[in-house]
Amino acid sequence: MSTAQLDFDEWFQSTVAHTTAVLDEFLPAVDEGHQRLHEAMRYAVLGPGKRVRAALVYAAGEASLEAGSAASAQREGLDYAAAAVEMIHAYSLVHDDLPCMDDDDLRRGRPTVHRRFNEATAMLAGDALQPLAFELLAQMPVAPALIVQAVQLLARSAGSFGMAGGQAIDCDSVGQVLQSEALQQMHRMKTGAMLEASVLLGGIVAGAGSAVREGLEAYAAAVGLAFQVVDDILDVTSDTVTLGKTVGKDAASDKPTYVSVMGLTGSRELLASLREQAHEALRPLGPTACRLGGIADFIVGRNH
Ligand code: GRG
């Protein structure tokens, strides 16, 4: 189906539905292998997430494909990459919610995985989702050199120089006063790295040239940070039912946030400037980047 004529909301909804179907297909069935483990993996991934990372993969792919090209192998490759980033993301949420980290009971409006199953199963579900993500990248029907680039990017972004490293800094930051540069560095790693990887993976799989990659990198850096600024604002302005997770956790656990460091007004000003930077970065890419522009607005305007 061509989605070119859809307005942004329709496109986003159809992308979410498509992503969920792809994830459903790529996840192991409950009746093969270890039943409880597979059930927990499916529960973690198929819960009602926003699928922003998958949407970034598809939108960056769209912006990178030659205009009008059918490129069916690349389009199929985007399914694998989108599923891979959502699986890494789901694993990170499962582990983040564990008693040894944030100790949370609610995620995506439902009991967290360790609450619904048990702690060992939650650990193992996260552990199993990680390699599955890389197995999917290895199966992409694109040139082997692009697969290698994609694997390297995802590994780096999820590892100790990216998400896991950012989480380690976050764990250490309880009760600390962080300067805004240190806070930014932590968030670039913890939250930004995986959002940036989603954008860049879309570009890699769709064969983006260096000029397009440059635009995607600048866009990704801006939205990666914007996402976290919104998260910090929502933690103090929203409620648990709307967010589907416990609000006020950061203040309760004495963690530094954009709001605690620069206040609500300062955080909103930063957000407006990041949104502008994201759109600016897309300008040279032309109309095929319109979905990326829509996602930047969605991220800035989201209420959950
Ligand atoms: C355990 C290695 C490891 C890392 C955890 C992702 C993460 C790092 C922690 C989650 C804590 C948190 C709430 C971070 C703020 C930004 C964020 C990642 C929010 C959740 O992402 P959404 O809103 O979630 O895209 P959905 O449920 O919509 O997919």
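This short report walks through a predicted model of one protein chain, from its overall build to a few individual residues.

## Overall build

Let's begin with the whole chain. The protein chain holds 14 helices and 2 strands. Its radius of gyration is 18 Å, close to the 19 Å that the globule rule gives for 304 residues, so the chain is as compact as a globular protein of that length. If you lay the C-alpha trace along its principal axes, the spans come to about 50 × 50 × 35 Å.

Contacts tell us how the chain comes together. Among contacts with a separation of 6 or more, 73% join residues that are 24 or more positions apart.

## Inside and outside

Of the 304 residues in the protein chain, 51% are buried. The accessible surface adds up to about 13400 Å², and carbon and sulfur atoms account for 54% of that surface.

Charges are worth a look too. The chain carries 23 positive and 38 negative side chains. The centres of these two sets lie 2 Å apart.

## A kinked helix and its neighbour

Helix α9, which covers residues 180-205, is a good place to pause. This helix has a kink of about 55°, centred on G192. Just after α9 comes G207, which takes a positive phi of about 75°.

Now turn to M163, which sits in helix α8 (residues 163-172). M163 has a relative accessibility of 8%, and because buried means under 20%, M163 counts as buried. Leaving aside residues up to four places away in sequence, M163 touches I88, Y91, S92, S157, A158, M189, K190, A193 and M194. One of these partners, K190, is 27 residues from M163 in sequence, yet the two C-alpha atoms are 4.0 Å apart in space.

## Two arginines with positive phi

Two loop residues round off the tour. R51 lies in the loop between α2 (35-46) and α3 (52-64). Its phi is near 65°, a positive value in a residue other than glycine. With a relative accessibility of 3%, R51 counts as buried.

R108 is found in the loop that links β1 (106-107) and β2 (110-111). Here phi is near 50°, again a positive value in a residue other than glycine. The relative accessible area of R108 is 16%, which is under the 20% limit, so R108 is buried.

Conventions. Residues are numbered from 1 along each chain as its sequence is written. This is a predicted model: local features need pLDDT of at least 70, side-chain atom pairs count only at pLDDT 80 or more; totals for chains, interfaces and linings use all residues. Side-chain values use heavy atoms; hydrogens and water are left out. Helices (H or I, at least four residues) and strands (E, at least two) are DSSP runs, numbered from the N terminus. The radius of gyration is taken over C-alpha atoms; the globule rule is 2.2 Å times the number of residues to the power 0.38. Buried means under 20% relative accessible area, exposed over 50%, partly exposed in between (1.4 Å probe, protein chains only). Contact means heavy atoms within 4.5 Å. Accessible areas come from the Shrake-Rupley method with a 1.4 Å probe; for residues, only the protein chains shown count as cover. Lys and Arg count as positive and Asp and Glu as negative; His and the chain ends are not counted. The place of a charge is taken as NZ of Lys, CZ of Arg, CG of Asp or CD of Glu. The bend at a residue is the angle between axes fitted to the seven residues ending there and the seven starting there.
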